[in-house]
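Trainee: Could you take me through a single part of this model slowly? I would like to see how a helix and its surroundings fit together.

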Amino acid sequence: MMQPKIGVVCFVSNKVNNNLYGVQATYVNAVLAAGGIPVNLPVTDHLEFIKTYADLIDGLLIPGGEDVNPLVYGEEPVPQVNYMNRTKDLFEIALVKELIAQGKPIFGICRGHQIINIALGGTLIQDIPTQYTSNISHLQAMEIRSELTHSVQVEPGSILHEIFGRDTIQVNTYHHQAVREAAPGFKVTGRAPDGIIEAMESQDGNVFSVQWHPECLYLRYPEFGGLFKKLVEKASH
Amino acid sequence: MQPKIGLINTWAFLDEHIDCILQAGGLPVMLPVAAGAENAKAYIDNLDGLLIPGGEDVTPFLYGEEPVPQVKLIKREKDDFELALIREAIAQNKPVFGVCRGQQLVNVALGGTLIQDIPTQGGKISHHQDDTIPSELIHSVELTEGTHLHQLFGKTRLEVNAYHHQAVKEVAPGLRVAAKAPDGIIEAVESEDGRIFAVQWHPECLCKRYPEFLALYRRLIELCQ
């Protein structure tokens, strides 16, 4: 079988260079290591191209990034929410819906996990420190991206459990938002000790997502490469 | 003839204001702060309208308060010059459009007061987005029915961008609230005749991505004629 083409949504940055489209090499390399062909998708207002993009790829990886603009899901931003990109929100939401319509697999990471949930009717915690009682850290220092800092309880029978083969794993963590209510048709497959939702999957298992960053872990802890392999495997069918 | 719109040479989105003024059919004229309040009349005599852009916090002494710890960046010469410009423009019945600090300064010029720091004085939603995303709409505002602003946009709900930690507290005599954020922060004010109007958000950063905001600049130009 031909290697499947995995779409990877680009970020848009005004920080480095005016209107730079880019993608973190870690995501691209993780897809390559799993046997997929990464295809970078630029974020634009041209939602009329969504079907063409979806036709072009066999599976989709939605990486981490900005907060989802709360106005997109009918809320006003709390004071801690100040970095977002509505063009990207609308692009990814449309892409998620189109891929599901075409029966193609999606793997969401961090923001990707959150935008899938919004696209399909779930809700978010806008800011964990101010909106959720927690005694664990969900934001470790940027310099130690491959460090495992908190544990996650894994739901037996889930894709996650199949990949890791045990009930408890340890993960890294870089987020201040989280899934509040999982979208209809989704089951929670991983939770942090404070109850924060760390992983979800659709009933058919074709859409799955995690709140942590496996792309920063798979070199040091190869079992995290299993998530990317699962996406590639599903995209090969 | 293009109406001449005066504005100071601010650091806050100056190019964007110039673009919007030109696009709306006006001619931007830069006013140097160093000229001082004593030259305000001479400038206004030669202008058709005035735009007060964003920038530093207004010096709290100007509305009778000491600064709270979060107020650090103020520039008194600029306050004095722009206050003199606003008062002179009003005296000559020339239109004034305020943006962000501009709204706050218009309010202070007419006797109103300010919330010195929203995060510590009661704001419930985000009023300050990241510097790199100026055209992102981050919160909603409700326009007051029957105001000139409501008429201008033809609807009661707008989504806007936000870059401020201060806001209008007590609205000055002669002004009225034209828009509020969901947490009650005053987002726009206007005079009864609509010749003085101001918004707390930054339309100059939105006009390209969301052209409906150019209406504010068109309104200023219209009022000059």
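Mentor: Here is a close look at helix H4 of chain A and the sheet it lies across.

First, some ground rules. This is a predicted model: local features need pLDDT of at least 70, side-chain atom pairs count only at pLDDT 80 or more, and totals for chains, interfaces and linings use all residues. Residues are numbered from 1 along each chain as its sequence is written, while chains are lettered from A and ligands numbered from 1 in the order in which they are written.

Start with the setting. Chain A has 7 helices and 13 strands. These are DSSP runs numbered from the N terminus: helices are H or I with at least four residues, strands are E with at least two. Buried residues make up 45% of the 237 residues in chain A. A residue is buried if 20 or more other C-beta atoms lie within 10 Å of its own, exposed if 12 or fewer, and partly exposed in between; the C-beta atoms are placed from the backbone.

Now H4(A) itself. It covers residues 111-119, and 9 of the 9 are buried, so the helix is largely enclosed by the rest of the structure. Among the buried residues are Arg111(A), His113(A), Gln114(A) and Asn117(A). Ile115(A), Ile116(A) and Ile118(A) are buried too. Just after the helix, Gly121(A) takes a positive phi of about 100°.

What does H4(A) lie across? It crosses S5, S6, S12 (197-202) and S13 of chain A. Its direction makes about 120° with S6(A). Axes are lines fitted to C-alpha atoms, for helices over the stretch in contact, and angles run from 0 to 180 degrees between N-to-C directions. Contact means that two C-beta atoms, placed from the backbone, lie within 7 Å.

Those strands belong to an open sheet of 9 strands in chain A, with mixed pairing and the order S4-S1-S5-S6-S13-S12-S11-S8-S9. The edge strands are S4 (37-41) and S9 (168-171), and each pairs on one side only. Two strands pair if DSSP finds at least two bridges between them. Neighbouring strands are turned by 25° against each other on average, direction ignored.

Helix H3 (residues 86-101) of chain A also packs on this sheet. It touches S1 (5-9), S5 (59-62), S6 (106-109) and S13 (207-210). Its direction makes about 150° with that of S5(A).

Finish at one edge. Strand S8 (residues 150-154) of chain A runs antiparallel to S9(A), joined by 4 bridges. There, Ser151(A) stands opposite Gln170(A).
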